[in-house]
Amino acid sequence: MTARYAHLERSLGADLFAQVRSCKVLVVGSGGIGVEILKNLVMSGFGDIEIVDLDTIDVSNLNRQFLFRSKHVGMSKSEVAREVALQFNPDAKIVAHHGNVKEERFGVQFISKFDIVLNALDNVGARQHVNRLCLAAKKPLIDAGTQGYLGQTNIHVGRETACFDCEPKTENKRTFAICTIRSTPDKPVHCIVWAKELFKLMFGNAEESMLSGTEPDEDIADANKEESADPDANATNADAPSSAEIKEDQNKEKEIRSQIVEAVASRPSGDELDKDETVRAYARRVFDAVFDHEIRFKLQLRNGYKGANKRPTPLTFEEASSKADEDASGQQAGGLKDQRIMSLKECTDMFVDSVVTLLGPERRGSLGDMVFDKDDALTLRFVTAASNLRCHCFNIERKSLWDTKGIAGNIIHAIATTNAIVAGLQTLEAIKILAALKRVPVANATWRAPSASAEDTDAASPALTANSTAVWVAREPVGRGYLLQATGLPPPNPKCFSCGNALVTLSVDTSKFTFGDLIDRVLKGRLGVNLPSIMLDASELYAEGDGLDEDEVEFFEANKPKALADCPAGGIKEGTIVDVEDFSQDMKFKVLVHQKVYDAEENPDLFEVGGEEPVAKPDAKEDSEEKASADKAESSSDAPVRTQEVEAIMSTGKDGEELVAVASTVVSSSKRPREDGEKDHESEGSKRSKTDDEGAAAVVVSEIDLAGGAKASGDDDGDDDDVICID
Ligand SMILES: [Zn+2]
């Protein structure tokens, strides 16, 4: 033992340390979180690591992905991460894979090699994919995500804890009422959203812009309605407008909106577009229409800017362009050019200049189709200038180009510290899982370690995750004043589409075995399905029963003679999961297919079924018995529940190997959590739909997964571990 490991061995103990040295760990992703994990693993003595990442190093990664230097820009993240991490600990064995974890080569068989999988991914799609691979391969998954200051780690051990998909990834829509955007902004974001709408009106699909309508704001109409609804109230309110006055206000409102649309439509065309002065004059007309005329007119309305914190001040082009750098507060302060606040005059110049360029020879071809893009510097300049001018009118603080980019593009900047915290927590959780596995040789450990050995099936057996915790990283102290909030791991959600249903494994030669044989010999002959319907991803490959169209029947019958691999929707191959449902039995399960060629003499069936076998919904009597026993178990402690599970697994298993397999037939122990879970999901659902209703008259500006917190960090474009798009 080298001196390098002496302290580790003392801290962990000889057994656990040996486990750490020898276990196989997969790290998916070597970006912001991944490089931190890799460093932690090699420094903690982990000796057998593989990493997967499809990305190459970008200059924007360098501020926090500390294994990378500028000389690495353009190179493979996984390969460079491996090289540099090896310098930390040359003892470690690290294999780097440059590729997308969704590729076939990283399927269930690949995942099965590992003892633990750590997710360090920046998009939900890939995280879901790895979750399902881990469920199928029966491997513990330690997942993490960050979103700015917020972060989370979670442990997913199939059938023991909730999987990544157990909690639906809700989309919390950040919505603003249209009237807030059009009339009563009080935050920079309101003006930025408005500026994006102005961009759409001037250069994009004008009809889709909320500034294109000429109808008055609903709040003006509503406010008037409310006031006039109660005649007594009106009687005491001398200022209350009469219905004629309301009508008049609404007509004026319409008139103002029409003027804006007209000003925008007064765009020069043909040869006129080549005359700089003509285009500048156009920009000035739009400027005056939106920053001066509209505000000036609306101030005269009885309900104009009702609800605004402070009445706005109109701003003419003359005035704005004659104002010297009166308030370029950031200008003297130095700092990065894009991060300083521009003066009013600079905003005005930028507004006009960007209109000129957008209508210039290079861009004008896409007039009517242009779309705001935070990464398109020109569109960003227009939106920054326009929103700042509006901010000035409404007494709202202005924002730099940099900040506007973040707000307009719904970016939350990644923070190195948060990444480091979650990566540290993931490494700790990996060691905890190994500690739970330590009585079982790593090579034999699959899923629920204690049950792998007969003497461990006593009531005191800890589950694999007995000491594991999910941890939330908060920005402000929560609870008892901590920034880190540890929580228990929730039980699986029986309705989860990834882990909630039975999982049957089918080993078969997919190039020869036909789809018809799958239906007749496996599903009906072996698994007792009456009327199967078979889905592959979103495609229905087969269904039986009443009410089918002739076309459907023809399509389904045509699939039967095909080899599994030749079926529609990509075919059924190694690693494919098909969904099978039998409404007649209220039965639903998944079949995970493994490619295997059988010798007809040894196995005349030419297929093998493993995992757990699906069961129809238990009848009412069984149901209540199960509930009673579950209640009892719940009220005493967790341990008896696990004993029941183990027993059920034992009774379900077909051979030694399958005894430790997952078993959703163990309804007895999951009954209670299931009911609770259902309730939770219902209330969550009703909460959501209420929010949706409230937002009906609002414009959806952006979507952010706050509920999932860091769970849903980012979109699927895969290039954004530096920034997290929540658009
Ligand atoms: Zn699940």
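Select Glu550 to begin: this residue sits in helix α20, which spans residues 550-559, where helices (H or I, at least four residues) and strands (E, at least two) are DSSP runs numbered from the N terminus. The model is a predicted one, in which local features need pLDDT of at least 70 and side-chain atom pairs count only at pLDDT 80 or more, while totals for chains, interfaces and linings use all residues. Residues are numbered from 1 along each chain as its sequence is written, and side-chain values use heavy atoms, with hydrogens and water left out.

Glu550 is exposed, at a relative accessible area of 72%; here buried means under 20% relative accessible area, exposed over 50%, and partly exposed in between (1.4 Å probe, protein chains only). Now add Asp549, Asp551 and Glu554 to the selection, and together with Glu550 they form a patch of negative charge on the surface. Such patches are made of residues with over 30% relative accessible area and no salt bridge, like charges being joined within 9 Å and nonpolar side chains (Val, Leu, Ile, Met, Phe, Trp, Tyr) within 5 Å; a salt bridge is a side-chain nitrogen of Lys or Arg within 4 Å of a carboxyl oxygen of Asp or Glu.

Move next to Ala569, in the loop between α20 and β14 (577-582). Although not a glycine, Ala569 has a positive phi of about 60 degrees, and with a relative accessible area of 37% this residue is partly exposed.

Leu606, the next stop, is found in the loop that runs between β15 (587-595) and β16 (607-611). Its phi is also positive, near 65 degrees, in a residue other than glycine, and Leu606 is partly exposed at a relative accessible area of 32%.

Then go to helix α19 (residues 515-526), where the buried residues are Phe515, Gly516, Leu518, Ile519, Val522 and Leu523. After this helix comes Gly528, with a positive phi near 70 degrees.

For the last selection, take Ala81 in helix α4 (residues 77-88), which is buried at 0% relative accessibility. Leaving aside neighbours within four places in sequence, Ala81 is in contact (heavy atoms within 4.5 Å) with Ser30, Leu38, Ile51, Leu67 and Phe68. Ser30 and Ala81 are 51 residues apart in sequence, yet 6.9 Å apart in space, C-alpha to C-alpha.

Finally, show the whole chain, which has 23 helices and 18 strands, and of whose 727 residues 51% count as buried. Among contacts between residues at least 6 apart in sequence, 70% join residues at least 24 apart.

Technical notes
Accessible areas come from the Shrake-Rupley method with a 1.4 Å probe; for residues, only the protein chains shown count as cover. Lys and Arg count as positive and Asp and Glu as negative; His and the chain ends are not counted. The place of a charge is taken as NZ of Lys, CZ of Arg, CG of Asp or CD of Glu.
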